[in-house]
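Reader: Could you take me through one part of this model up close? I'd like to see how a single helix sits against the strands around it, and what else goes on nearby.

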Amino acid sequence: MTTVQQFIRQDGIRQIITGSILILIMAFFIISLFFTGQAGLWISAVYSLAFGLAGLAIFKSGWEDYMSAMNYEDFKADTTYEKISVFPQRMYIGHRPASIFHANFYDMDGKSYSEIKQHTVLDIKVFRAFVAFFSGGSLMPAAYNMFIGDAHVYTIDKKGGFKWRGYVHQLDRGVVAYTSQERISGKSIFRYIEGEQCRFQAEGDAYIGHFEVKDYQGKVWAVVKRDAIPKEAADRFSKMPGYLVDWKIRKDIPYSLLAFLFLMQTNTNV
């Protein structure tokens, strides 16, 4: 079994490589500034800034992960036994365009049942346009606090790069699960893994973005559809990147399933 330390070190190396590539692309655009006319000057400047900011952020996250990997304890059992008693049939999980690091779980009337808020300093308003350039922030590393009502239930740590992994931390216990993604023959598969067991899995078309969310017993909990606009709330969600959620099981929703869906939401361009 791969340990948390090994996972974090792998994430660190991967992010260092990704960040380095983006920084090299930035250097290419900087050099091109001396060989382009005035028309291309601003384009090269914008691209160099965008790639540079993304590259530095991902490289920094990777270096910190690589250096701190041994400080992580191994996987802990999740002792968060609370559940959502009942959800509406249809919901939407997404973020507003101006707040790419703050997502909510809404009903069709716009009421929020749960949310994640970034607790790092990466979300600087002046840089949001450049961060959004990179798949709406899906390439960027970020750490979130997950709330249900006023209760802080998890910390979610999403690593950056083209291939990402997300970790769920239970407060005062450490890492209790991680989420991974892979693509196989046009399908995208997300897995929520606790220790050695895959507790939840979402599998579907990588391009259309429709996924069935099942547990380890094969029971379908929900069908999620990327950027699908519900007719009954089109004005509210038409400009909000995220997923429409059709619940197949509406009662006794575990908090861990919400953490899984929030992590999927952070990577809406998959």
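What follows is a walk around one helix, the sheet it packs on and a few spots along the strands.

Author: Sure, and keep in mind that this is a predicted model. Let's take helix α5, residues 255–265, and start with its surroundings.

The protein chain has 5 helices and 14 strands. Of those strands, 12 close into a barrel, in the order β2-β3-β4-β5-β6-β7-β8-β9-β10-β11-β12-β13, with antiparallel pairing. On average, neighbouring strands of this sheet are turned by 20° against each other, ignoring direction. For one pair in detail, take β6 (residues 151–158) and β7 (residues 165–170): they run antiparallel and 5 bridges join them. Within that pair, Ile 156 stands opposite Val 168 in β7.

Now the helix itself. α5 packs on the sheet and touches β2, β3, β4, β5, β6, β7, β8, β9, β10, β11, β12 and β13. Its direction makes about 40° with that of β6. How many of its residues are buried? In α5, 11 of its 11 residues are buried. That list runs Tyr 255, Ser 256, Leu 257, Leu 258, Ala 259, Phe 260, Leu 261, Phe 262, Leu 263, Met 264 and Gln 265. For the backdrop, buried residues make up 50% of the 270 residues in the protein chain.

The helix also matters for the core count. The largest nonpolar core holds 49 residues, and Met 146 and Trp 247 touch the most other members. α5 gives the most to this core, namely 9 residues. Trp 247 is a good place to see the link: leaving out residues up to four places away in sequence, its contacts include Leu 257, Leu 258 and Leu 261, and those three are among the buried residues of α5. Trp 247 also touches Phe 87, Pro 88, Gln 89, Met 91, Phe 105, Trp 221, Ala 222 and Ile 253. There is a second, separate core of 9 residues too, with Ile 8, Ala 69, Tyr 167 and Ile 193 among them.

Another helix comes up against this sheet as well. Helix α1 (residues 4–32) lies across β7 and β8, running at about 140° to β7.

Since β8 has come up, look at Ser 180, which is in that strand. Is Ser 180 buried or exposed? Ser 180 counts as buried because its relative accessibility is 18%, and the cut-off for buried is under 20%. Leaving out residues up to four places away in sequence, Ser 180 touches Ile 189, Phe 190, Arg 191 and Ile 193. That last one, Ile 193, also belongs to the second core.

Two loop residues are worth a stop if you care about backbone angles. Asp 172 is in the loop between β7 and β8, and its phi is near 70°, a positive value in a residue other than glycine. Asp 172 is exposed, with a relative accessible area of 85%. Asp 227 lies in the loop between β12 and α4, with phi near 55°, again positive in a residue other than glycine. Here the relative accessible area is 38%, so Asp 227 is partly exposed.

Finally, two numbers for the whole chain. Among contacts with a separation of 6 or more, 57% are between residues 24 or more positions apart. The accessible surface of the protein chain comes to about 13,200 Å², of which 57% belongs to carbon and sulfur atoms.

Notes:
Residues numbered from 1 in each chain as written. Predicted model: local features only at pLDDT ≥ 70, side-chain atom pairs only at ≥ 80, totals over all residues. Heavy atoms only, no water. Helix = DSSP H or I, 4+ residues; strand = E, 2+ residues; numbered from the N terminus. Buried < 20%, exposed > 50% of the residue type's maximum accessible area, 1.4 Å probe, protein only. Contact = heavy atoms within 4.5 Å. Areas by Shrake-Rupley, 256 points an atom, 1.4 Å probe, with all protein chains shown as cover. Pairing = 2+ DSSP bridges. Axes fitted to C-alpha atoms, helices over the stretch in contact; angles between N-to-C directions. Core = buried A, V, L, I, M, F, W, Y, C linked by side-chain atoms within 4.5 Å.
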